[in-house]
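This report is a guided reading of one protein chain, and it is best followed with the structure open beside the text. It moves from the chain as a whole to a sheet, a surface patch, a helix and several charged pairs.

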Amino acid sequence: MHTTLLMMSSGGVELDFPAWLRITHFINFLMMGLLIRSGWEIIASHPRFYWNNHCTPGSEWIKFTKDKVSTVPGEFTARDDQRSLSPLISLPGNAKIGLGRAWHALVTCIWLVNGFVYVTLLFATGQWRRIVPTSWDIFPEAWESITIYAGLQIPSIEHFQPYDALQKLMYFTVVFIVAPLMIATGPIMSPAFCGRFPGYVKLFRNRQTARSIHFLGMAFYLFFSLVHVALVFVVHPQYNIAHMMLNKPYNEVSAAEFAQAVTMLILGMVGGVVLWLAASYWSLRNPRFTQTFIWGLTNPIRSFTFDLIKSKQVAKKAFTEADISPFHWVNTRPPTERESTEWNRLKEQNFVDYRLEVGGLVDQPVSLSIDELKALGKETNITMHTCMQGWTGIAKWEGVRLRDVLALVEKKPEAKYVMITSFGHVGHTYDGRPTEPYYECLDISMAMEDETILAWGMNDKPLPDVYGGPLRLRADSMHGYKMVKWVQKVEWIHDYAEQGDGQGGSREDSGLQHFDARV
Ligand SMILES: Nc1nc2c(c(=O)[nH]1)N[C@H]1C(S)=C(S)[C@@H](COP(=O)(O)O)O[C@H]1N2
Ligand SMILES: [Mo]
């Protein structure tokens, strides 16, 4: 009787709980926990959400910090705004955003494959009918369920075939509305993707709107998961739990089987929590190992996807004068006297004596004043800066292409990377040793891009101190951390592995980020 009822409602396919469904659901549960927790790590590094690309403090629609930000550039930096969460809460916790981002990328890949298998099998087996509504009656029926729940009652068991209308509608939303939205907005977090496909970004209005939608998707998942888990234990548990765990029709379950099913369910959930926390503590035990290992796992995928994308913000006129941000966040303050007496001495004389050194593995090093750089060429790029913390800002940058500067020197054949060193120091080192001059390395393709420039001007003025004066790098396919401010020298080097801690730059060495910086 029960089976016939099910078959009638499902076009001939019995809507039960096949093994593949249970397995993909369990993997999804594990991955969602890791995604949400690593997402929180990322949010903590800039706990504000906006509908506009300027990220002007005060224009957030929601924030998770009480800090008031001064809009005098440099008074309160994006770094001062970072929060540290406990490893019990986020993945990995302790303000390790580089590792949080590494986990988020890795788990996204696993979650996508798992989701693809699930949706494919859903359609291949005819099980899609369990969550895809086929009649408009779903809405009045779901409303009926809502009113029953609202009266603190539970719809009778006959309604669950295997799900009731409200459940079906929720699951459809989770799988076919929210998940695609998360997949669609995720890549927009990448500056390369954003700079290459500005038209696509506009479908979501702008980059920060996409980030906010991604955040709201997380909030929905969180709310859904809590209600979902609670209802599993409240709504006909004696039937549903056994049906779901053992794939036995609810009217054929013995008391012993029910106990077995509940035990399995609880063990599975406890196992999930243990895995989530273990990932945090394992990651923090040896951050450098975690960095190279977890980023390394997605490296093959990134290398033939995002790493091939070049920003075309300028060519595609993604932004105009009208889009320039009234306030642009500052990340690090200018070099102190202790960090660089040279920069401070140059600054006193308005940088008239400043010379950029271009050397390293070259036949004949050269040095250039700002005026000599200006004579080499002038690019005026209105572009959006994206910090991996999450904030953006649009400005007009004036400078010369790095490749035009590099053309002045003859590199040696063994030179494979370009290293850019700052007068300023990296704010902190990951192992607490004294700070060192900030540096970042670019591979040849990054260095030769159209939008990779050495900028001396910002918004029609000489580059202000806080934004990197007298000269800074702009590399708009990449996250902000590649864009060295207060540039002292540019050098051809053999391999970044031989510089600093060998990870490719200061933010890679001390912030546990990854070299390619496009994601
Ligand atoms: N010398 C130096 N350059 C640096 C940094 C730094 O700490 N020191 N921070 C980087 C990071 S992470 C970002 S997001 C941008 C911020 O640039 P802005 O302060 O002009 O907005 O500068 C980059 N360049
Ligand atoms: Mo950044």
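## The chain as a whole

Buried residues account for 53% of the 519 residues in the protein chain, and the reader should keep in mind that the model is predicted. Along the chain there are 16 helices and twelve strands. Taken along the principal axes, the C-alpha atoms fill a box of roughly 90 × 45 × 45 Å.

The surface and the contacts can also be put into numbers. The protein chain exposes about 22900 Å², of which carbon and sulfur atoms supply 64%. If one takes the contacts between residues at least 6 apart in sequence, 73% of them join residues at least 24 apart.

## An open sheet of five strands

In which order do the five strands of the open sheet lie? The order is β4-β3-β12-β7-β8, and the pairing within this sheet is mixed. At the edges are β4, which covers residues 366-368, and β8, which covers residues 437-443, and each of these edge strands pairs on one side only. From one strand to the next, the twist averages 20°.

One pairing can be followed in detail, namely that of β7 with the edge strand β8. Strand β7, made of residues 417-425, pairs with β8 in the antiparallel sense over six bridges. Within this pairing, T421 has Y439 in β8 as its bridge partner.

## A nonpolar patch on the surface

Which residues make the nonpolar surface patch of about 780 Å²? The patch is made by I154, F223, V227, V229, L231, F233, V234, I266, V270 and V274. Two helices, α8 (207-234) and α10 (255-285), each supply at least two residues of this patch, and the largest share, six residues, comes from α8.

## Two residues of helix α10

Helix α10 holds both V270 and S280, and these two residues can be compared by how much of each is accessible. V270, a member of the nonpolar patch, counts as partly exposed because its relative accessibility is 46%. S280, on the other hand, is buried, because its relative accessible area is 0%, and a residue is called buried when this value is under 20%.

What does S280 touch, once residues up to four places away in sequence are not counted? The residues it touches are R37, P87, S90, L91 and P92. The contact with R37 brings together two residues that are 243 residues apart in sequence, although their C-alpha atoms are 9.4 Å apart in space.

## Salt bridges across the chain

Side chains of opposite charge can pair when their charged atoms come close. The count for this model comes to 20 salt bridges. In one of them, R48 pairs with E60, and the closest N and O atoms are 2.7 Å apart. Because R48 lies in strand β1 (residues 48-49) and E60 in the loop between β1 and β2 (62-63), the pair ties together parts that are twelve residues apart in sequence. Both R48 and E60 are buried.

A second salt bridge joins E321 and K396, with 2.7 Å between the closest N and O atoms. This pair links distant parts of the chain, since E321 is in the loop between α11 (287-303) and α12 (341-348), while K396 is in strand β6 (residues 392-401), 75 residues apart. Is each partner buried or partly exposed? E321 has a relative accessible area of 45% and is therefore partly exposed, whereas K396, with a relative accessible area of 10%, is buried.

## A further pair and a network

K482 and E508 also form a salt bridge, in which the closest N and O atoms are 2.8 Å apart. K482 lies in the loop between β11 (472-475) and β12 (487-493), and E508 lies in helix α16 (residues 506-511), so this pair ties together parts that are 26 residues apart in sequence. K482 is buried, with a relative accessible area of 0%, and E508 is buried with a relative accessible area of 0% as well.

Salt bridges can also be linked to one another in this model, as the network of R288, D431, R433, E436 and D501 shows.

Terms used
Residues are numbered from 1 along each chain as its sequence is written. Chains are lettered from A and ligands numbered from 1 in the order in which they are written. This is a predicted model: local features need pLDDT of at least 70, side-chain atom pairs count only at pLDDT 80 or more; totals for chains, interfaces and linings use all residues. Side-chain values use heavy atoms; hydrogens and water are left out. Two strands pair if DSSP finds at least two bridges between them. Helices (H or I, at least four residues) and strands (E, at least two) are DSSP runs, numbered from the N terminus. Axes are lines fitted to C-alpha atoms, for helices over the stretch in contact, and angles run from 0 to 180 degrees between N-to-C directions. Patches are made of residues with over 30% relative accessible area and no salt bridge: like charges are joined within 9 Å, nonpolar side chains (Val, Leu, Ile, Met, Phe, Trp, Tyr) within 5 Å. Accessible areas come from the Shrake-Rupley method with a 1.4 Å probe; for residues, only the protein chains shown count as cover. A salt bridge is a side-chain nitrogen of Lys or Arg within 4 Å of a carboxyl oxygen of Asp or Glu. Buried means under 20% relative accessible area, exposed over 50%, partly exposed in between (1.4 Å probe, protein chains only). Contact means heavy atoms within 4.5 Å.
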